[in-house]
Amino acid sequence: MQLRLLQQSFDAFDEAAAARLGLNRTDLRAMDLVLANGGPLSAGELTSALKLSPAATTTVIDRLERAGLVRRTRDAENRRRVLVTATDAARTAEQDIYLPVGAAGAQALGRYNKDQLATILDFLQTARQVQEDQAARVSMIPAPPQGR
């Protein structure tokens with residue numbers, strides 16, 4: 001039950017962040033991927049990471065560009081390749097919205113000793129692996145027939 005509540009709290013935070021930035025959750029995920037990359041990310045890499053079609057990714061990039069959060073450029077070495085880079089506005093949003101979460105988390109974890117932190121880290125790594133394994137399992141389940 002506590003894991004379900006934790007997941008719901010992550011979802012609620014993401015919803016609040018998306019609403020604050022005037023984005024939807026997919027746009028927010030895309031912005032996070034671009035920021036985390038630290039440099040330009042190709043549209044194809046973004047498509048793969050988001051598990052979207054190229055057309056859907058283009059729509060996401062269009063919305064982020066209109067919001068002033070990413071800049072789209074052509075790769076100088078391959079003119080067919082589109083590169084997506086975070087803008088200063090995206091980095092400001094990251095500082096205003098996400099960095100305080102990290103700081104608050106670090107402060108909250110300050111009450112644990114080194115051995116407890118190692119156990120927490122092991123749990124988080126294990127929980128993440130379980131989630132990734134289960135996502136792969138669910139993606140292999142055949143879709144139900146239409147009309148049911």
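The following questions and answers concern a predicted model.

Reader: How far apart are the end C-alpha atoms of helix H6, and what span should its residues give?

Author: Helix H6 covers residues 114-139, and Asn 113 caps its N-terminal end through a side-chain oxygen 2.9 Å from the backbone nitrogen of Asp 115. At 1.5 Å a residue, the 26 residues of H6 should span 38 Å. The computed distance between the end C-alpha atoms agrees with this, at 37 Å.

Reader: Which type of aromatic pair do Phe 13 and Tyr 98 form?

Author: The structure holds one aromatic pair. The ring centres of Phe 13 and Tyr 98 are 5.7 Å apart, and the angle between their planes is 70°. Planes over 60 degrees apart count as edge-to-face. The pair of Phe 13 and Tyr 98 is therefore edge-to-face.

Reader: How many residues apart in sequence are the parts that this aromatic pair ties together?

Author: Phe 13 lies in helix H1, residues 2-21. Tyr 98 lies in helix H5, residues 88-109, so the parts tied together are separated in sequence by 85 residues.

Reader: Is Tyr 98 buried or exposed, or in between?

Author: A residue counts as buried under 20% relative accessible area and as exposed over 50%. Tyr 98 has a relative accessible area of 22%, so Tyr 98 is partly exposed.

Reader: Which helix gives the largest share of the nonpolar patch?

Author: Leu 3, Leu 6, Phe 10, Phe 123 and Leu 124 make a nonpolar surface patch of about 480 Å². H1 and H6 each supply at least two of the patch residues. Phe 10, with a relative accessible area of 45%, is partly exposed and has its place in helix H1. The largest share, three residues, comes from H1.

Reader: Which residues are joined with Arg 25 into one network of salt bridges?

Author: Arg 25, in helix H2, forms a salt bridge with Asp 11 of helix H1, with the closest N and O atoms 3.3 Å apart. Arg 25 also forms a salt bridge with Glu 15, where the closest N and O atoms are 2.9 Å apart. Glu 15 too lies in helix H1, 10 residues from Arg 25. Through shared partners, the residues joined with Arg 25 are Asp 11, Asp 14 and Glu 15.

Reader: Where does Arg 81, the partner of Glu 45, lie?

Author: Glu 45 forms a salt bridge with Arg 81, the closest N and O atoms being 4.0 Å apart. Glu 45 belongs to helix H3, residues 43-50, and the pair ties together parts 36 residues apart in sequence. Arg 81 lies in the loop between strand S2 (70-74) and strand S3 (82-86).

Terms used:
Residues numbered from 1 in each chain as written. Predicted model: local features only at pLDDT ≥ 70, side-chain atom pairs only at ≥ 80, totals over all residues. Heavy atoms only, no water. Helix = DSSP H or I, 4+ residues; strand = E, 2+ residues; numbered from the N terminus. Expected span 1.5 Å × (residues − 1). Polar contact = N/O pair within 3.5 Å; in protein donor to acceptor, adjacent residues only side chain to side chain. Phe/Tyr/Trp six-rings, centres within 6.5 Å; stacked < 30°, edge-to-face > 60°. Buried < 20%, exposed > 50% of the residue type's maximum accessible area, 1.4 Å probe, protein only. Patch = residues over 30% accessible without salt bridge, like charges linked within 9 Å, V, L, I, M, F, W, Y side chains within 5 Å. Areas by Shrake-Rupley, 256 points an atom, 1.4 Å probe, with all protein chains shown as cover. Salt bridge = Lys/Arg side-chain N within 4 Å of Asp/Glu carboxyl O.
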